[in-house]
Amino acid sequence: MLKNRIIPCLDVKNGRVVKGINFVDLQDAGDPVEQAKIYSDGGADEICFLDITASNENRDTIYEVVEKTSKKCFVPLTVGGGVRSVDDINKLLNCGADKVSINTAAVQNVKVVEDSSRKFGSQCIVVAIDAKRNEGGWEIFTHGGRNPTGINALEFASKMEKCGAGELLVTSMDKDGTQSGYDIKLMKKISSSVNIPVIASGGVGTLDHLVDGIKSGASAVLAASIFHYGTYSINDAKQYLASKDIPVRI
Amino acid sequence: MNVTIVDYNSGNISSVINSFKEVAKDKVNLDVTSNLNKIKLSDKVVLPGQGSFKSCVEALNKINGLEETLNEFAITHKKPLLGICVGLQMFADIGYEETETKGLGWISGKVSKIDNQNGKYKLPHIGWNQINIIKESKIFKNIENNSHMYFVHSYEFIPKDTNVISATTDYSSNIVCSVEKENIFGTQFHPEKSDKFGLKIIDNFISL
């Protein structure tokens, strides 16, 4: 039986780990390679790096981080943040990323998703959707959650599936950093409307939130703070999910 | 010993290279190349493959003489070869991804899309699934039955002769996830991304 994945996410800036709260207020907290290794040794099913380096001159730092990590961690590595083109994707994959997540570029130019999934295969193309509630449902935002687009999240999710995305990483902007749980309604809506796996993200504060995320239909749950600050270990999370009859790899 | 990972522009093979380097250390001379002479002189060959069946076959055919060299290596000389993911799928006679495409024909059978049972199962089949070892295989030495391996694929290999199947995994139906036919080995899952057990499989192959 396919197991539900637990994915710790590390926010990386200028080659160092930080964790954002509502996408601002960053605190420096360590070496991403070491952190990733701790997670993979601890049983993480996958590791996610989100590069939030703002300045162009420091953009190359992520390549070095990915290259070093992929030589030490032998579980899948997903890298996102600032990915603009097929060429960026190619570079990350060559450095040892297994999947690349695309956010702003997917909204601005669907060809990036189409071309990259055709060139490298859908299995390595993840489209990251940052969604915020509005009156009619959810609207997607780009540029790390700064720019509204007027695009409906559900429609966009279906479109990305058609364009060749292999997975969707869905982050609720209302919930991100609040530690009050995923936006369950959003996860349910999106995962029931597409036939590709959905990774739930944004808002985890307790292990019950992970359980709720899986029950909403997501194939994987992503969390940053609860793991990063040592509130829970990956193993704690897995044992807890198993105790709730959710299939996990232990 | 010389082990060659065939680099034929089949997509992302960094992880395969990294994992073999980790396991091989100084024991093995590891080459990543499409140089036909180097492949001929190798003791073992790894055939990775990502993307679609069609794109991998096309990439392989683009390198003049590569298919013949691999045929010679695996079929004529019967030297050990490991296919990973689409590398395994290409053993088939034919694949149906994108369009009908001829495979290497080393293990008779076809590659078709996993039945998602009207959307009941998400595709790609991504994540950790347990392997059900149904036949002793040299690459499964010290691998326990029901070990977890990392999968990511939407198509499955259906061999005509079920005797070649060494393991299956349960997703929608019993999917063939490992084959062994004499000197030819293949895994649908990614040993290079399957943590300690995956590295053990790579070690088993190198130690053959």
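**Chain B: its contact with chain A and its sheet**

Q: How many residue pairs are in polar contact between chain B and chain A?
A: The model is predicted. Both residues of a pair must reach pLDDT 80 or more to count. Between chain B and chain A, the count is 20 residue pairs.

Q: Which element gives the largest share of the side of chain B that touches chain A?
A: Several elements of chain B give two or more residues to this side, among them α1 (14-24), β9 (148-153) and α6 (195-206). β8 (125-133) is also on that list. The largest share is six residues, and the element that gives them is β8(B).

Q: Which residues form the salt bridge across the interface of chain B and chain A?
A: The rule finds one salt bridge across this interface. It needs a Lys or Arg nitrogen within 4 Å of an Asp or Glu carboxyl oxygen. Here the N to O distance is 2.8 Å, and the side chains that meet are those of Asp98(A) and Lys193(B).

Q: Why do β2 and β9 of chain B each have one side without a neighbour in the sheet?
A: The nine strands of chain B form an open sheet with mixed pairing. Its order starts at β2 and ends at β9. One side of each is left without a neighbour because each stands at an edge, with a single partner strand.

Q: What angle does the direction of α1(B) make with that of β2(B)?
A: α1(B) packs on the sheet. There it touches β1 (2-6), β2, β3 (44-47) and β4 (81-84) of chain B. Its direction makes an angle with that of β2(B) of about 170°.

Note on methods: Residues numbered from 1 in each chain as written. Chains lettered and ligands numbered in written order. Predicted model: local features only at pLDDT ≥ 70, side-chain atom pairs only at ≥ 80, totals over all residues. Heavy atoms only, no water. Polar contact = N/O pair within 3.5 Å; in protein donor to acceptor, adjacent residues only side chain to side chain. Helix = DSSP H or I, 4+ residues; strand = E, 2+ residues; numbered from the N terminus. Pairing = 2+ DSSP bridges. Contact = heavy atoms within 4.5 Å. Axes fitted to C-alpha atoms, helices over the stretch in contact; angles between N-to-C directions.
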